[in-house]
Structures are given as C-alpha cells and as structure tokens.
Amino acid sequence: MPLEGTAYSKLYNHLHERIVTRVYGPGDKLPSERELCDTFDVSRITCRRALSMLQDHGLIERFPGIGTFVREIRSHKVPILDGDYSGSMREQAPGMKRVLLSLETVEPPDPYRELFGMLRTDKCLKVERLDQQGDEPLSYDRGYIPLPLSTSVDEVMAVQIDFLDLWMEKQGLSYSYIRSSVEAIEADETAALRLECPIRTPVLLTIDLIHSVDGKILAIFESVYRGDRFKIMSTKTKQQGGPAQA
C-alpha cells in the first residue's frame, strides 16, 4: 500500500505500483541497486530499505550476486485464517492496496444505533474502503464508529491494513473480543459495481462487532468479499478430556 513522504517510500511506491500493475511481471529482474540509486538520486541505504520492504511484503526475491526478481502474485482463493484478514492478506496477497471510498459523518442505521446504545441525535463516522490487487477488486467494507471514538481517524489511517490496531492505539482504546457473523449472499447493485461482478453473483458478507473490555460495542464493520477470491479457514484445538475448541 502507498507510503507517504520519505525518499525510500517514494522509491518503494514507484516499484510497488509497477509490480502490481505488472509493468514488472513475475520473474522479471528489477534494475540493479546502482541503477536505482542513479535513477532516483538516492543513497544505497535508502535503496536497500525500499527493496527490503518490498521483500517483506512478498513482492520480490533477492539473490546476492544475481539480482532482484519479481515474485508471482497469487491469484488463487485467498484463505482468511482464523478471522485474521490483515495477516492473511499480508501473507497471501502481498500486492493488495486499499482505496478510500468515503469518510463522512452520518446517522447510523437503526439496528446499529440500538447496538451502540446511541441517542437519535448521535452520529457515527462512516468509513468505506475498497481492497484491490492490481486493477482487480477483491473486497470492500463499510465501518461505523461513534463520533467520540473516531477523533484520531483520518484519510491516511483509514487505508492502513492494520487499521484496527492503529485506531485502538491512537484513540487510547482496547478491545476484548470481536463477534463475527459470516454468510453467503447474492451481490446487490452496490456490490456488483464495486466488485465488478454481475448482480446476484455469490459473495461473502461478514459483520464484525468490536467489543470493549466492559462489553460495549466500539465499532461495527460490514465486509463483502468476492466469492471467487476468498475462502474462510479456521483452526480448532482439542483440549485434553474435552471437545475441540475454536
């Protein structure tokens, strides 16, 4: 995902964009460190930091004495492991980028207002985002956060894949658990438009309720995933003398 500001982030963004749009395709060799330093007028340390970030995100492989090569970006179904979307995307879809669709103050839907325990005059921050790999949409989500809990959220934070942890830290919050529901539905007009699929195409809908330590709901997120790109996976362990536990 795009980074802001520094010399290494500018080089990272340049290479990241060309990899996910396949200007540099799988197996292609990137320019050498010397060539990148000369082209972008950066130091060797800056260049190596940008390349290390690309390698950490699974986009390239580096072979000392041979060169740096683009890895294959996987196009199979991405497994969402144990509800960990962020970690699963970093591991399985390293070329993903997140686009902010909207960030606005709204009245929440009545069912959510009741879950939050909000008054009729209370408002939420509504954030909508689209996740893409190259030009292909993968999923989109819509989140509602009560205004008093949203003061730290801005356009930069909203598109971070680790949004939840960043928001908690900046807002001085802590969550105890997330209650999630998952169901298969048919794409409506909005889903069809954003995910570039026919209406009534099977998609996955998850609704996550973020609970505080004292049981209050801090945020609600609805996420819609393309059925042809994702699958839900979980691990269960069996406690001694008892049934399997999720």
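The following legends describe close-up views of a predicted model.

**Figure 1. Overview of the predicted protein model.** The protein has 246 residues, of which 46% count as buried. Its secondary structure comprises eight helices and 12 strands. When contacts between residues at least 6 apart in sequence are considered, 56% of them join residues at least 24 apart.

**Figure 2. Packing of helix H1 against helix H3.** Helix H1 spans residues 7-20 and helix H3 spans residues 44-56. Their axes lie 8 Å apart and form an angle of about 45°. An angle from 65 to 115 degrees would count as roughly perpendicular and one under 35 degrees as roughly parallel; H1 and H3 are therefore oblique to each other. The crossing of the two helices is right-handed. On the H1 side, the contact is formed by Ala7, Tyr8, Leu11, Tyr12, Leu15 and His16. These residues meet Thr46, Cys47, Arg49, Ala50, Leu51, Met53 and Leu54 of H3. Sorted by class, the contact of H1 with H3 has 10 nonpolar, two polar and one charged residues.

**Figure 3. Packing of helix H2 against helix H3.** Helix H2, residues 33-40, packs on H3 at an angle of about 110°, and the two axes are 9 Å apart. This angle makes H2 roughly perpendicular to H3. The crossing of H2 and H3 is right-handed. H2 contributes Glu33, Arg34, Leu36 and Cys37 to the contact, while H3 contributes Arg44, Cys47, Arg48 and Leu51. By class, the contact of H2 with H3 has four nonpolar, no polar and four charged residues. Cys47 and Leu51 of H3 appear in this contact and also in the contact with H1.

**Figure 4. Surroundings of aspartate 131 in strand E5.** Strand E5 covers residues 124-133. Aspartate 131 counts as buried because its relative accessibility is 4%, which falls under the 20% limit. The side chain of aspartate 131 forms a polar contact with the side chain of arginine 98, at 2.7 Å. When neighbours within four places in sequence are set aside, the contacts of aspartate 131 are Tyr85, Met96, Lys97, Arg98, Glu136, Pro137, Leu138 and Ser139. Aspartate 131 and valine 159 are separated by 28 residues in sequence, and their C-alpha atoms are 9.1 Å apart in space.

**Figure 5. Arginine 229 and its side-chain partner glutamate 136.** Arginine 229 is located in the loop that lies between strand E9 (217-226) and strand E10 (230-233). This arginine counts as buried, because its relative accessibility is 3%. A polar contact of 2.5 Å links the side chain of arginine 229 to the side chain of glutamate 136. Glutamate 136 is also one of the residues in contact with aspartate 131.

**Figure 6. Positive phi values in the loop between helix H8 and strand E8: glutamate 196 and arginine 200.** Helix H8 covers 189-195 and strand E8 covers 202-212, and glutamate 196 is placed in the loop between them. Glutamate 196 has a phi near 55°, a positive value in a residue other than glycine. Its relative accessible area is 58%, so glutamate 196 is exposed. Arginine 200 lies in the loop between H8 and E8 as well. Although arginine 200 is not a glycine, its phi is positive, at about 80°. With a relative accessible area of 56%, arginine 200 is exposed.

**Figure 7. Glutamate 155 in helix H6.** Helix H6 consists of residues 155-158. Glutamate 155 counts as exposed because its relative accessibility is 58%, a value over 50%. Not counting residues up to four places away in sequence, glutamate 155 touches Leu100 and Leu103. The C-alpha atoms of glutamate 155 and leucine 103 are separated by 7.4 Å, although the two residues are 52 apart along the chain.

**Figure 8. Tyrosine 175 in strand E7.** Strand E7 covers residues 175-186. Tyrosine 175 has a relative accessible area of 32% and is therefore partly exposed. Outside its neighbours within four places in sequence, tyrosine 175 is in contact with Leu164, Asp165, Met168, Ile210, His211, Ser212 and Leu218. Tyrosine 175 and aspartate 214 are 39 residues apart in sequence, with a C-alpha to C-alpha distance of 8.9 Å.

Conventions:
Residues numbered from 1 in each chain as written. Predicted model: local features only at pLDDT ≥ 70, side-chain atom pairs only at ≥ 80, totals over all residues. Heavy atoms only, no water. Helix = DSSP H or I, 4+ residues; strand = E, 2+ residues; numbered from the N terminus. Buried < 20%, exposed > 50% of the residue type's maximum accessible area, 1.4 Å probe, protein only. Polar contact = N/O pair within 3.5 Å; in protein donor to acceptor, adjacent residues only side chain to side chain. Axes fitted to C-alpha atoms, helices over the stretch in contact; angles between N-to-C directions. Parallel < 35°, antiparallel > 145°, perpendicular 65-115°, else oblique. Left-handed = near helix turned anticlockwise from the far one by under 90°. Contact = heavy atoms within 4.5 Å. Nonpolar A, V, L, I, M, F, W, Y, C, P; charged D, E, K, R; others polar.
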